[in-house]
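Trainee: Got a minute? I'd like to go through this one with you, starting with the overall picture and then picking out some spots.

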Amino acid sequence: MTKPGEDNNVLVDTFKRKHNYLRISLTERCNLRCTYCMPADGIQLSPKEHIMTYEEIYTIAKEFVDHGVTKIRLTGGEPLVRKDVSLILDKLSSLPVELTLTTNGVIVDRFIEQFKKCGITSLNVSLDSLDSAKNENITRRSYFEKVYNNILLLVKEGFTVKVNCVLMKGFNDNEIIEFINLSKDLPVHIRFIEFMPFDGNRWNMEKLVSLQEIMDKVHSHFNQNEVVKLQDAPHDTTKSYKIKNYNGTFAIISSVTNPFCDGCNRIRLTANGQLKNCLFSSSETDLLTSLRQGKPITPIIAQTIKSKLKIRSGMDTLEKFKKIDGHNNRSMITIGG
Ligand code: SAM
Ligand code: SF4
């Protein structure tokens, strides 16, 4: 809690955006190898001693909560492969925040009771194809059945499930309608994500399926009066829709063609304790070293937030964005989406 006389604007940037949503990457490791996330040659993992311990994660998270963070998302790598993830979930669930996770779903079934105990009610699960062979192709592993069944299990157990699907032209853009139809009977929320550039993921604009292209497909399949636009909350990264009488919804995350930086309330902490004020920022602040040296971390957090640029870390036009090609940023697996 901010004490009298203390700066209560630690999480507010120069554009008056309040960062009350912290995303913590728990690990750089993963049990899948998605081509758009993990470079083909793998990554150089940080030495174990450079990865935050569970106590350090809690200490940093608490500092953020004391300054106004109300939501924490655990991500990775795959957050559930970290050995002490249960301990971390327990510790963080003692904070007054909405706690949630983004997971590839492979081992979710082992954590159902733990999620309930920790008050987790909603999870994002990644699934890029409804075809087992294609899924193997993109994840370089064969866990389709497992992930699909775990999504069904989460729904059955009463969790809100958002299904993250990164679209790539010529690969899975022919499954858009099939994915939306998954929300006919199942109360799941499909989220189509525009393919973004990160180190080693061979991004190019031609592979991207844009918001416009997705909606063109939707409108060519469904009647206009069947496609209902839903109200998006101010900080939502999604443009949400529903097909009339379907149980679930679908949405589009258009970071490339329609960035949503105006309402951005997110700040990211990597597994090795670096603070990133934007997914696309090439610079980061070393919070962990300062914490280990016993220095106060609040001024460092405030400075990192204050230095956040208005749009996509300076890439305010699509032209500038196309030029980055991911090379001046980490690979996604070491950021945490
Ligand atoms: N392993 C977990 C998972 O896959 O859900 C959490 C980490 S993963 C990095 C978080 C999210 O980032 C996933 O939904 C994934 O699809 C998304 N992602 C990874 N690389 C991406 C890229 N190049 N463009 C868009 N989304 C990406
Ligand atoms: Fe692993 Fe998630 Fe990246 Fe796929 S998207 S390689 S599951 S961290």
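**Chat about the fold**

Trainee: What share of the contacts between residues at least 6 apart in sequence join residues at least 24 apart?

Mentor: In this protein, 74% of those contacts join residues at least 24 apart in sequence. Keep in mind that we're looking at a predicted model.

Trainee: Okay, noted. How many helices and strands are there?

Mentor: The protein has 10 helices and 12 strands.

Trainee: And how does the radius of gyration sit with a compact globule?

Mentor: It agrees: a compact globule of 337 residues would come out near 20 Å, and this protein has 19 Å. Along the principal axes, the C-alpha trace spans about 60 × 45 × 40 Å.

Trainee: What percentage of the residues is buried?

Mentor: Buried residues make up 55% of the 337. As for the outside, the accessible surface is about 15100 Å², and carbon and sulfur atoms account for 50% of that.

Trainee: What about charges? How many positive and negative side chains are there?

Mentor: There are 46 positive and 39 negative ones, and the centres of the two sets lie 2 Å apart.

Trainee: Let's do the strands. What order do they take in the sheet?

Mentor: It's an open sheet of 12 strands, in the order β7-β8-β9-β6-β5-β4-β3-β2-β1-β10-β11-β12, with mixed pairing. β7 (227–229) and β12 (285–286) stand at the edges with a single partner strand each, so one side of each has no neighbour in the sheet.

Trainee: Can we zoom in on β3? Is it enclosed or open?

Mentor: Strand β3 covers residues 98–103, and five of its six residues are buried, so the rest of the structure largely encloses it.

Trainee: How do β2 and β3 pair?

Mentor: β2 (residues 71–75) pairs with β3 in the parallel sense, over four bridges. To see it in the model, find I72, which stands opposite L99 in β3. Then find L74, whose bridge partner in β3 is L101.

Trainee: Which way do the side chains point along a strand?

Mentor: In a regular strand they alternate between the two faces of the sheet.

Trainee: Handy. How many bridges join β3 to β4?

Mentor: Three, and the two strands run parallel. T102 stands opposite N124 in β4. Strand β4 (residues 122–126) has four of its five residues buried, so it too is largely enclosed by the rest of the structure.

Trainee: Let's leave the sheet. Where is L26?

Mentor: L26 lies in the loop between β1 (21–25) and α1 (54–66).

Trainee: A loop, okay. Is L26 buried or exposed?

Mentor: L26 counts as buried, because its relative accessibility is 0% and the cut-off is under 20%.

Trainee: So what is L26 in contact with?

Mentor: Leaving out neighbours within four places in sequence, its contacts include I51, I57, L74, P79, V85, I88 and A271. You've met L74 already, as the bridge partner of L101.

Trainee: How far is L26 from K162?

Mentor: Their C-alpha atoms are 20 Å apart, and in sequence they're separated by 136 residues.

Trainee: New spot: K306. Where is that?

Mentor: K306 is in helix α9, residues 298–306. K306 is partly exposed, with a relative accessible area of 34%.

Trainee: How far is K306 from V10?

Mentor: They're 296 residues apart along the chain, but their C-alpha atoms are separated by 8.4 Å. Setting aside neighbours within four places in sequence, K306 is in contact with N9, V10, V12 and T14.

Trainee: What is phi at R140?

Mentor: R140 has a positive phi of about 55° although it is not a glycine. It's in the loop between α4 (132–139) and α5 (144–156), and at 32% relative accessible area R140 is partly exposed.

Trainee: And R202, what is its phi?

Mentor: R202 has a positive phi of about 50°, and it isn't a glycine either. Look for R202 in the loop between β6 (189–194) and α7 (211–221). With 64% relative accessibility, R202 counts as exposed.

Trainee: Last one. Where is E284?

Mentor: E284 is in the loop between β11 (274–276) and β12. At 31% relative accessibility, E284 counts as partly exposed. From E284 to C30 it's 22 Å, C-alpha to C-alpha, with their places 254 residues apart in sequence.

Key: Residues numbered from 1 in each chain as written. Chains lettered and ligands numbered in written order. Predicted model: local features only at pLDDT ≥ 70, side-chain atom pairs only at ≥ 80, totals over all residues. Heavy atoms only, no water. Rg over C-alpha atoms; globule rule 2.2 N^0.38 Å. Buried < 20%, exposed > 50% of the residue type's maximum accessible area, 1.4 Å probe, protein only. Contact = heavy atoms within 4.5 Å. Areas by Shrake-Rupley, 256 points an atom, 1.4 Å probe, with all protein chains shown as cover. Lys, Arg positive; Asp, Glu negative; His and termini not counted. Charge placed at Lys NZ, Arg CZ, Asp CG, Glu CD. Pairing = 2+ DSSP bridges.
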